[in-house]
Structures are given as structure tokens and as C-alpha cells.
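Here is a short briefing on a two-chain model. Please keep the sequence and the structure in view while reading.

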There are 2 protein chains.
Amino acid sequence: MKLSNFFIKTRNDASSVNTCYSHSLMLRAGMINQSASGIYSWLPVGLKVMKKIEKIVRNCHDQGNCIEMLIPTLQPGSVWEKSNRIGSYGKELLKIQDRHEATLVYGPTAEECVTDLFHKYSMSYKDMPCILYNIQWKFRDEIRPKHGVIRGREFLMSDAYSFDETEDMAIRSYERMFGIFVNIFTKIGLPYIAVKADSGEIGGDHSHEFHLFVPDGDNKVFMKKKYQYLMEKCSEFSLKDVNEGGFVSDEKCSGEAMNSEEYISSNSIEVGHNFYFGDKYTSSMDFYVQNKEGKRIHAMMGSYGVGVSRLVAAIIDASHDDKGPLWPVSVAPFNVVILSISNSSKSVNYCNEIYGKIVDMGLDVGYDDRDISLGQKINDAYLIGYSYTAIFGEREIDSNQVKIITRIAGQKSSEEVVEIEGFMNICRGLR
Amino acid sequence: MKLSNFFIKTRNDASSVNTCYSHSLMLRAGMINQSASGIYSWLPVGLKVMKKIEKIVRNCHDQGNCIEMLIPTLQPGSVWEKSNRIGSYGKELLKIQDRHEATLVYGPTAEECVTDLFHKYSMSYKDMPCILYNIQWKFRDEIRPKHGVIRGREFLMSDAYSFDETEDMAIRSYERMFGIFVNIFTKIGLPYIAVKADSGEIGGDHSHEFHLFVPDGDNKVFMKKKYQYLMEKCSEFSLKDVNEGGFVSDEKCSGEAMNSEEYISSNSIEVGHNFYFGDKYTSSMDFYVQNKEGKRIHAMMGSYGVGVSRLVAAIIDASHDDKGPLWPVSVAPFNVVILSISNSSKSVNYCNEIYGKIVDMGLDVGYDDRDISLGQKINDAYLIGYSYTAIFGEREIDSNQVKIITRIAGQKSSEEVVEIEGFMNICRGLR
């Protein structure tokens, strides 16, 4: 993409709002614009990152045989009455009266609607196991929205719902979803941890939160010391590790953990939550399916949420230096951006040629041909966070070299001059 | 995709609602489920079609150098006060009070928010021409929602907004968007027509609606007799044809047109609307940019909408027979579905092999391995509308043949037995 055809709107005025790093950065980098308290427009640069995250989330669900559908943003109040949550959810549930005085609810989650829909179409054990998912805007009327899209009111969430005949089968679906979440966060490519979480009235071990490590994050996670390496590098682990008790949450054992020498803690941001809740909704909403023996039973359910819009900000908070974000390559706004030092036709033609070659590789590449100074372009490269910024001047071209700025999660930011062929090999490696 | 892993939920009970063909078909084919009046959940089959349409719309905008961003569904009441539309829009505008008694509006369109956003980031003629677009859920609180997603309350719309320094430049952006719309509807692949529409208080020739021809559609379009061929086949035409007066709308010259022998009419469904409105919003909202001469001026704007969710239904209404929809290949829920007549391992293995080969071609292919009768599977093939259904039995396999059912827009539905190699060539042609 030629950046003169894009909408790059970085700002120098640091926000005076006392907020977290990602919120201030996203405003300065022109990724989001506040529309109302806790409600944001997504500018092209921010949307580009969010769509890459959404694609990873969708692909991992699809590969795990989850089935995508879509629940409307406005849900009928009647299903929330059926589950008794219309009162118990509190003021965070945004209730709306339409022109006929019917009550609608802007869904903060979709257990009711998905349960209702599943039972309209599925009558027996033959329809299970079934995992439906839905990537849709949600709304939570937070009393004090804060930290930009970390705790906004309107947010994009992926929420999956599993339906099973028995508790044993439901636990297998839970484990399947755990594997899908491990895939999602491994593909995003930042260190993360799954922690046991409070499973409330249901009890049992089947509630896990997924967190990114963020030094000034609002959450705190506890883990055995042997897992400290997780805080430094992204790593693979399985549900088995967690049952071993490898990861524990603050809620579940704050007392023991905080006083134990076995445990260390880290601040963090929650970006996913898996939850087994059995027949909580199928029973309160009075839904039955037929089991193998012909008996009417309540399906056993779980729900599995990923904060898609929140992840954009959480990733920034988890991975940046004082010059800007250090994105994992998987979600960077651009993998490669080409800059020309001068406006000479020799240099511009050369840049156009290199740009064309990288486009042909199928990479997400930009050519910053905007009519602004080189200094401003380099400033934007840091603020927005291109993985590689390649700067070509006549001298470099003559000696078959190029200066590259590398900004990638898990690596120290660097500026170096390399052979052009070496740079092209880096690009090939990104495919 | 193995259809046993999918969520195909066709129903035999015809809806008793007195409605249009598409609404009844989409309920029977398990594409949508009514959640509240005029509000629908999208089941996996319906969502699959809608996402293909969305992808065409997005790609055509991107190729035309429009820039995608995202406006939140809930907009601040304050911007609607600034444009004076909060009162004038009427009861179709859904107003909401949040927990702090602030007024939010569920956007039925986004002129206010996009104008506000553009001016926050763009100060001069150097930032123009600029076309921003946004594919987002909208809400219109219709007094009597009808015809399913044709006139629903919550709907998915793509809306683009152009910003220019002068009226001349704005007309060039308008023409560019006209070309993009021609691309979109040509790629979808059904006959369509662009008609001059009422441009209201602004006047001038720069408002066009795009319609699909639908025998029992709610709209009516008039055109010169020489364009009758459009009603029969999809065709390329340009804005130039329209200024020649080739296409005229009922609103603009119903009197003349209806009485003239030169004109014929057709029922239709509106699926797109382009509209030039100059400084209507930039002036009422008091927004300025600097022009080339350093003077403060109001940017000249246009807006350009495509009804993405409505298109799913409009396409069904425009192209079906009494057995089900005849989708254009571009948006069909599956391009190819494989069926095995028997459960013999010979037949099943053969089907798996063919299925694998077509997956490798990169096609959207299904293998209907569900544990239901062949009759039910064939019934679903018609009701959902796979482009090609390939039915393999041992006899056919022995003679290197396959029975294929072809269901494609613009072609007569057919069932025929062909050589397997011929069928594979058809598949290759779909790539």
C-alpha cells in the first residue's frame, strides 16, 4: 500500500489524560478516536491490527471445528428475563426501550441468545457435542470506563459456547477449547499464562483466565517459580500443566500463594476467559434435549471468550519500549515499510521496484511516499510500529545496502545497515 | 468442510407468515432466526453467504483506494444535535440513555461521526480527496419491520464518505464511487440497474440508487426500452450511460416515464445508494478546512451505501425457482458438495478422495457425511443452493461417472450424469 493513499494521522500532543501506556499510544499513533466515554472509533491503522487479531481468533476456532454464527448486538429483554439475569446483571447491562416500548438489551455476552437458538434447532444427543461461536460487538455500561479500549464500553469479543450431553463430555469440550485458546495466544506470539479462576457457584476446576504479562496491568497472576520463564518468552503449555497446579490465580489462593516461597507473581491483563457452567442456563431457561436413553435432560454448557479489541491495547502494554510498540509480526500494522531518503528519481524508482518485489511476495508492505520529511516518516515508523522499516538513499543503493529499523516483540529494537539481498531474505522469511 | 461438523438446520415447516420468498426461504434453509421483531441471528449457512458478500464489497472498496475504518454502533447524541438530525430523523432513530443519563444513538448511518472524525485529523486540501468507509451494524427502528432482513431493524451496511475541496473534485469522487459500485454488483453477478434518484434539497443529478430486478420487489424502476436486456443478463455499463438519461427512476420522472412508450418498468429491490450532498454536514456542523489559496472552506461530501445483509435476501428474491435459490457462484454457501449414495466403504472412500482433491483446488467444498437419508441431503442441496451437488454411487464410480445437480444464477437448474473428469474440469473452472 502506498501510504499517501492511507490515513496515517499520528499526533505529537501527548494526551493529558492520566491513563495507561497503550491508551496514550493508540491516541498518538492515530489508532483510535474517542467518540463518547468508553466508546471509540477505530482509525485505519488501529482497525488493521484488530482485523489481524480477529483473523487469528477466527482461524483457530474454525480449525478446532467450532462453527461461526452471529448474534445481533441488540437482544430481546425476554430471554434475559427467562435466565433471571435482567435484574441480577446490574447497571452494566444497557437496557433500551424501542418505539413500541419493548425492552431490548445491548448484549454484554450471549449465553441466553445462543442457548435459545441451539434449542430451537437441536433436539437430541445426536446434535452434540456442538461448539458455536460469534465475533460481535458487545456493550457493558461501565460506571467508569478507563484505559481506552482495555476497559471500554463497546468492545469486540469472540465468544464460543459448547453444548454436551453429559458433564464428562462437556469437560472434553472444555479441554478442546483450552487447546484452541493455547493456539490463539501462541499464534499471536506473546508470553501468556492460563490461570485457574473463580468458577463461582458451580465450583470445580473448570474456569481459566488467559493473561498477558503487563508490568502495570490491573490484574495480578500467581504461578509456581518454575514457570517464571513464561514471563520472559512465549512458550507452549497444556491443560495438563495447569492441573498439575502449575498456574494458580490470585482469587483462588491469594492467601497461600502470597505467603509461599514457591510462588511468584506478575501484573497482567486478562484477555480470555473459559468457563464451564453445566446446566445453569439450560435449566433456568427450561430447555431440554433427548439423551441416548431417550430421557429429557439439560445440555451441559461452557462459554469461552476472547477480548479482540482489548487485545490490541493489551499487546501494546505487554510489548513496547519508550519509542513505541514492539508488535509480534503476526499482528503488526505493516510487516515492512519502504522509505526513500531523497526525492531523486533514481532513489524513488529504486524504492518502487523493491516495493513491487515485496508486494509480489504477498507481504503486508507499505511504501511511505507521503509529502512529509524523512524525520516525520521515521517518527511514525516508531510510533505505529512497522516490523521492518527499510530506508534507501542513493549512497546505500550504490553500495547495494539498506538501513533497516527492526521493531519486533521479543527482540531489542535495532537500527543497522545490511546488504540489500540480506534484507530481501528477511522479507522472504516473513511469508 | 465435512457437513457433519457444520450446523445445517433446514426445516420443513413453511413459515405461516405472509412474507416475501426470501424471508420464508431463509427461515426454511436455516439461514436466519428471528431474535426480536426485525432483529435476526445469522445461522452458519446464512452468515457464510453474508461474509462472501462483505468480502466482495470490502475488496472493491480497497481496490478503489477507499480506506476502511470503523465507527462504533452507539454514537454520541451530541453529534446528531450538531447536525440537527436528532430531531428531524424521527422515531426510526433509536435513542438510548446510559447509566449516567447521557444520550446515545444507535447509528442508522454515520455522516455525523465520520465528518467529525475527518475534521479532527484533516486540516487542509492536502488531505483530500479522501474516501473513508466502514462496514458496521446499523439500526433503524422501523415501525413495521417486514420481509425478514430486507427491511429489518438491525442490518449490516457498508457506508463510504468522500471529502473534497471543490464541487468539481467531489463529482470526480462521486464518479469514482460509481465505478466501485459497478464493480461490486458486477462481481456479485446478477443483473442490476443504477437509477437516478431524488437528491432532495441539494438538487442536481448526483444521486443514484442501485437495484436488483425482483418481480415482486417493493420498488419500481423505469428505464429506456433499449436497456431491457439488463433485466435478463448482467451487463457492464458506466456512469456515462446514466447521464445520457439511459436510466431514470420513478421518483424523478414518474409522470413522463409511465406515459411514454420509450420506457419500460420493472419491480426491484434497492441494494445501494450513492448521494452527493456538498457541504450539508460540514456547514451545519461548522467544520472548515484550508483550501489551496489558504481560505477556510467547507469540504464537499458524498455518501455511498451498500446493504450487505439485505443483499443476501435480495439475491434470493432476484434469483430462485420453486425448489430454492439459484445463487451466483460468487456468493453461494458452497460451490461444490459431494454426496455418497451408499455407506459402502468403496463409495465413501471414493468420495473422501474426490473431496480431498477439490479441497486442494482451494474451492469452498463440502462433503455431506451426515447420518441422514440421501433424499434429505438432496432436499437440503436445493433448499440451501449449492452451485454443484455431485452424487456418487458404486455404479457411477464403476463407469467413471457422476450425477451432478447444477444450481447457478442465470442458468436453468439441471441434473445430469457426466464423466468424472468432466466434473473435475468444472471444479477447476471455478477457481
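In this predicted model, strands E1(A) and E2(A) form a hairpin with two residues between them. A:Gly38 sits in the turn and has a positive phi of about 70 degrees. The notes below start from this hairpin, then turn to the helices, the sheets and the relation between the chains.

**The hairpin in chain A**

- E1(A) covers residues 32-36, and its pairing with E2(A) is antiparallel, over four bridges.
- One residue pair shows the register: A:Ile32 has A:Trp42 in E2(A) as its bridge partner.
- E2(A) spans residues 39-42. A:Ile39 and A:Ser41 point one way from the strand, while A:Tyr40 and A:Trp42 point the other way.
- Are the residues on the two sides of E2(A) buried or exposed? All are buried.

**Helix H2 of chain A and its contact with H6**

- H2(A) runs over residues 44-63, and H6(A) over residues 167-188.
- The two axes come within 9 Å and cross at roughly 145 degrees.
- This crossing of H2(A) and H6(A) is right-handed.
- H2(A) brings A:Ile53, A:Ile56, A:Val57, A:Cys60, A:His61 and A:Gln63 to the contact.
- H6(A) meets them with A:Met177, A:Ile180, A:Phe181, A:Asn183, A:Ile184, A:Lys187 and A:Ile188.
- By residue class, the contact of H2(A) with H6(A) divides into nine nonpolar, three polar and one charged.

**Helix H2 of chain A and its contact with H11**

- H2(A) also packs against H11(A), residues 308-318, at an angle of about 120 degrees. Their axes are 9 Å apart.
- The crossing of H2(A) and H11(A) is right-handed.
- On the H2(A) side, the contact is made by A:Val49, A:Met50, A:Ile53, A:Glu54 and A:Val57.
- On the H11(A) side, A:Val308, A:Ser309, A:Leu311, A:Val312 and A:Ile315 take part.
- The residues of this contact of H2(A) with H11(A) comprise eight nonpolar, one polar and one charged.
- A:Ile53 and A:Val57 are listed in the contact with H6(A) and in the contact with H11(A).

**Helix H11 and B:Ser22 in chain B**

- How many residues of H11(B) are buried? The count is 10 of its 11 residues, so the helix, residues 308-318, is mostly covered, buried being under 20% relative accessible area.
- Among the buried residues of H11(B) are B:Arg310 and B:Asp317, along with B:Leu311, B:Val312, B:Ile315 and B:Ile316.
- B:Ser22 lies in helix H1(B), residues 21-28.
- B:Ser22 counts as buried because its relative accessibility is 0%.
- Leaving aside neighbours within four places in sequence, B:Ser22 is in contact with B:Ile150, B:Ala313, B:Ile316 and B:Asp317.
- B:Ala313, B:Ile316 and B:Asp317 are themselves among the buried residues of H11(B).

**The three-stranded sheets**

- In chain A, three strands form an open sheet in the order E4-E6-E5, with antiparallel pairing.
- E4 (74-76) and E5 (94-97) of chain A stand at the edges, each with a single partner strand, so one side of each has no neighbour in the sheet.
- The twist in this chain A sheet averages 40 degrees from one strand to the next.
- E4(A) pairs with E6(A), residues 103-106, in the antiparallel sense over three bridges. A:Gln75 has A:Val105 as its bridge partner in E6(A).
- In chain B, an open sheet of three strands has the order E4-E6-E5, again antiparallel.
- E5(B) pairs with E6(B), residues 103-106, in the antiparallel sense over four bridges. B:Lys95 stands opposite B:Val105 in E6(B).

**How the two chains relate**

- A turn of 180 degrees and a shift of 0.0 Å along the axis lay chain A on chain B with an RMSD of 0.0 Å.
- The two copies are therefore related as by a two-fold rotation axis.
- Which C-alpha of chain A is nearest the axis? That of A:Ile96 is, at 3.0 Å from it.
- The same surface serves both copies, as 100% of the contact residues of chain A recur in chain B.

**Chain A overall**

- Chain A has 15 helices and 23 strands.
- Of the 431 residues in chain A, 60% are buried.
- Among contacts in chain A with a separation of 6 or more, 72% come from residues 24 or more positions apart.

Conventions
Residues are numbered from 1 along each chain as its sequence is written. Chains are lettered from A and ligands numbered from 1 in the order in which they are written. This is a predicted model: local features need pLDDT of at least 70, side-chain atom pairs count only at pLDDT 80 or more; totals for chains, interfaces and linings use all residues. Side-chain values use heavy atoms; hydrogens and water are left out. Axes are lines fitted to C-alpha atoms, for helices over the stretch in contact, and angles run from 0 to 180 degrees between N-to-C directions. A crossing is left-handed if the near helix is turned anticlockwise from the far one by less than a right angle, and right-handed if clockwise. Contact means heavy atoms within 4.5 Å. Ala, Val, Leu, Ile, Met, Phe, Trp, Tyr, Cys and Pro count as nonpolar, Asp, Glu, Lys and Arg as charged, and the others, Gly among them, as polar. Buried means under 20% relative accessible area, exposed over 50%, partly exposed in between (1.4 Å probe, protein chains only). Two strands pair if DSSP finds at least two bridges between them. Copies are superposed by least squares on the C-alpha atoms of residues with pLDDT of at least 70 in both.
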